[in-house]
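Visitor: I am new to this structure and would like a close look at a single part of it. Please take one place where two helices meet, and then lead me outward from there to whatever surrounds it.

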There are 2 protein chains.
Amino acid sequence: MEQELKQANFAFIGFGKVARAFARLLINRRKWFIRKYGVEWNITGIATNKHGISIDPRGLPIEKILRSWKAHSSLNNFHNGPACDSHADFIRQCGADVLFEMSLLDLSGEPAASHIHEALRAGLHVITTNKGPVATHFRRLSRLARQRDVKFLYEGVVMDGAPVFNLFRNTLPSTHIRSLRGILNSTTNYILTQMEQGASFETALEYTRKKGIAEADPRLDLEGWDSAAKLSILIQALMGGSVKPDEIERHGISEDIGRKVRAAVRRDRRLRRVARAYRQGGRVIGKVELQELEIFDPLASIRGLSNILVLNTDTMQELAIIENNPSVEQTAFALFSDLVSLM
Amino acid sequence: MEQELKQANFAFIGFGKVARAFARLLINRRKWFIRKYGVEWNITGIATNKHGISIDPRGLPIEKILRSWKAHSSLNNFHNGPACDSHADFIRQCGADVLFEMSLLDLSGEPAASHIHEALRAGLHVITTNKGPVATHFRRLSRLARQRDVKFLYEGVVMDGAPVFNLFRNTLPSTHIRSLRGILNSTTNYILTQMEQGASFETALEYTRKKGIAEADPRLDLEGWDSAAKLSILIQALMGGSVKPDEIERHGISEDIGRKVRAAVRRDRRLRRVARAYRQGGRVIGKVELQELEIFDPLASIRGLSNILVLNTDTMQELAIIENNPSVEQTAFALFSDLVSLM
């Protein structure tokens, strides 16, 4: 048996909460990978901005690293490979088959886009949870992956681990998406639905900060950039459109939203920020806008941190998927399900 | 190109609305099958109870049959093959690679279970929309399919074409379902939600009859047998349990439900009939019961003919899928997506 096992080597860029949750999930499913796919994995490299870089061709002691991880920990102590001056160096020398790009979101997409480009060019599969590079460089990176005969996967960029791209790819054959709409940003939806119940804007926002749900810069959530980036990816990956985040009309929300929230409730309706895309004259249009919804709209029933995506299709008419109160574990599962699709 | 095409032969048992919608979808995607899989298909046999039997090894003229189809049409005119005395004869002689079992629901599972058994034994893949045999003979038929190295697929038995089994199989790797709950019967949900808005029980039921949503015998819907059969399949296919429909506690609904519906609305809640399964002491328990739900429960937002299934999992926590106002086209799509999974 032993000798039939295939070896798979993984490298991480970023070692934040999501990456560590993903590492724990990998460890938890170690035997499952062996049993189901005959695959034994190692993490041969981790590169971060603030915690150093570490490569070990025989596999890093990931259990030990996780056990002792603290806010000020450094990976350099575990380094046991060639010297790396940059993330580009790291990608070329980490000896991995799959690169997991989990660095922090920057809407320009950099430096994550360069990491992904470098890795695909070097023949690595790339799996990312980073919206920026996928939204901004979707076509270029997808084309490069095809040319190099490797996969570029990004299930985690919309609705965390809820199957969106895998749903479309693996369960809706020969399906044309006419339009879609959803609630894709947990922070603003949490704020709107907490305000419905009497909480203040600031208290609700603070909670999403503490839970690590809000982006590092919460303006990305409040001004609709996060929703616009996700919508841009949905348009490019599911509808064949080519709308970039900055081409999407956005309604922001701010402290003065309370009046509108309460007015909607008085009318027995609910205020939600809806991301939607539709086709018009051969083009796809994307909008992120405040809408008053009737109470029985499935989007109105989405409270707290939950997300929903409704697809209007030619084969299934309307189909919706709801993710209930996600946390980092769900984003980690997105990386995991993309990884499994390579097996 | 021509000579590289593979030939796939299909046989139908049943030629009702779903089967005809499926045939239309197949015709519509004829070029798609050739382009994507290099597969050219033929329907080499159709067997019915009231419209005769027809076999043609070179393929039946399905476009012509559909064009001229009427309530009293007979298939016998198109027969151009060996004589068939029974459906068992038909299965052995139809020359098909895939049998589509679409005969009418009987909760005993017969004669559909015998058709499926016969076909699997003869080495055909079987795809069905028929709840009876799947609920009642799940283990036996699944085992037989494995032994014969063919597939036994049934996406259409729960929530029509909305991916349920394919969702679990293809997008939720290494996932354990702790519990699930849903609204799985369109007829009763339509009645409950129409009564909320002032309609009478009888008017609402009549509408589902006219739309062809109600089962041929509507007691199967009203007394909860349809929900119980679906729940039994979910328990067996997704949770590894072994609960048969008659082991599921059921609450029926009847004309006197109006009082409860209105009482729930007065409390700003909603009455729904919920099918749910949970684990208890190593066993899985299934129940179909009337529940008053708070208005923000996603199940409460499901109106009309729509369905919802909420999965509680170890990897994704809560994940829900909603099918909005299904019709026969969605059930036809279930057959189609199962077929594509064989390619």
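Guide: The crossing of H1(A) and H13(A) is right-handed, and it is a good place to begin, with the caution that this is a predicted model. Helix H1 of chain A covers residues 17-28, and its axis lies 8 Å from that of H13(A), the two packing at an angle of about 65°. From the side of H1(A), the residues that take part are A:Lys17, A:Val18, A:Ala21, A:Phe22 and A:Leu25. They meet a set in H13(A) made up of A:Val328, A:Glu329, A:Thr331, A:Ala332, A:Phe333, A:Leu335 and A:Phe336. Sorted by class, the residues of this contact are nine nonpolar, one polar and two charged.

Helix H13 also leads to the way chain A is divided. The domain assignment gives domain 1 as 2-161 + 330-340 and domain 2 as 166-325, and the centres of these two domains, taken over C-alpha atoms, are 28 Å apart. Where the domains touch, domain 1 of chain A contributes 17 residues and domain 2 of chain A contributes 19. On the domain 1 side, helix H6 (131-148) and helix H13 (328-340) of chain A each supply at least two residues, with H6(A) giving the largest share, six residues. That side of domain 1 of chain A has nine nonpolar, four polar and four charged residues.

Chain A also holds an open sheet of six strands, in the order S3-S2-S1-S4-S5-S6 and with mixed pairing. Its edge strands are S3 (53-55) and S6 (152-153) of chain A, each of which pairs on one side only. Strand S2 of chain A, residues 39-47, runs antiparallel to S3(A) and is joined to S3(A) by three bridges, and A:Gly45 has A:Ile55 in S3(A) as its bridge partner. Helix H5 of chain A, residues 112-121, packs on this sheet and touches strands S1 (6-13), S4 (98-101), S5 (125-128) and S6 of chain A, while its direction makes about 155° with that of S5(A).

For a second pair of helices to set beside the one we began with, turn to helix H8 (residues 186-196) and helix H12 (residues 258-266) of chain A, which pack at an angle of about 60° with their axes 9 Å apart. That angle makes H8(A) oblique to H12(A), and H8(A) passes H12(A) in a right-handed crossing. The contact is made by A:Leu192, A:Met195 and A:Glu196 of H8(A), together with A:Gly258, A:Val261 and A:Val265 of H12(A). By class these are four nonpolar, one polar and one charged residues.

Finally, the view can be widened to the neighbouring chain, where 30 residues of chain B are in contact with 30 residues of chain A. On the chain B side, the elements that give two or more residues are helix H7 (165-171), strand S12 (317-324) and helix H13 (328-340) of chain B, and S12(B) gives the most, with eight residues. The residues on this side of chain B divide into 14 nonpolar, 12 polar and four charged. Strand S12 of chain A, residues 317-324, pairs with S12(B) in the antiparallel sense over seven bridges, and within this pairing A:Glu318 stands opposite B:Asn324.

Note on methods
Residues are numbered from 1 along each chain as its sequence is written. Chains are lettered from A and ligands numbered from 1 in the order in which they are written. This is a predicted model: local features need pLDDT of at least 70, side-chain atom pairs count only at pLDDT 80 or more; totals for chains, interfaces and linings use all residues. Two residues are in contact if their C-beta atoms, placed from the backbone, lie within 7 Å. Helices (H or I, at least four residues) and strands (E, at least two) are DSSP runs, numbered from the N terminus. Ala, Val, Leu, Ile, Met, Phe, Trp, Tyr, Cys and Pro count as nonpolar, Asp, Glu, Lys and Arg as charged, and the others, Gly among them, as polar. Two strands pair if DSSP finds at least two bridges between them. Domain bounds come from an automatic or database domain assignment. Axes are lines fitted to C-alpha atoms, for helices over the stretch in contact, and angles run from 0 to 180 degrees between N-to-C directions. Angles under 35 degrees count as roughly parallel, over 145 as roughly antiparallel, 65 to 115 as roughly perpendicular and the rest as oblique. A crossing is left-handed if the near helix is turned anticlockwise from the far one by less than a right angle, and right-handed if clockwise.
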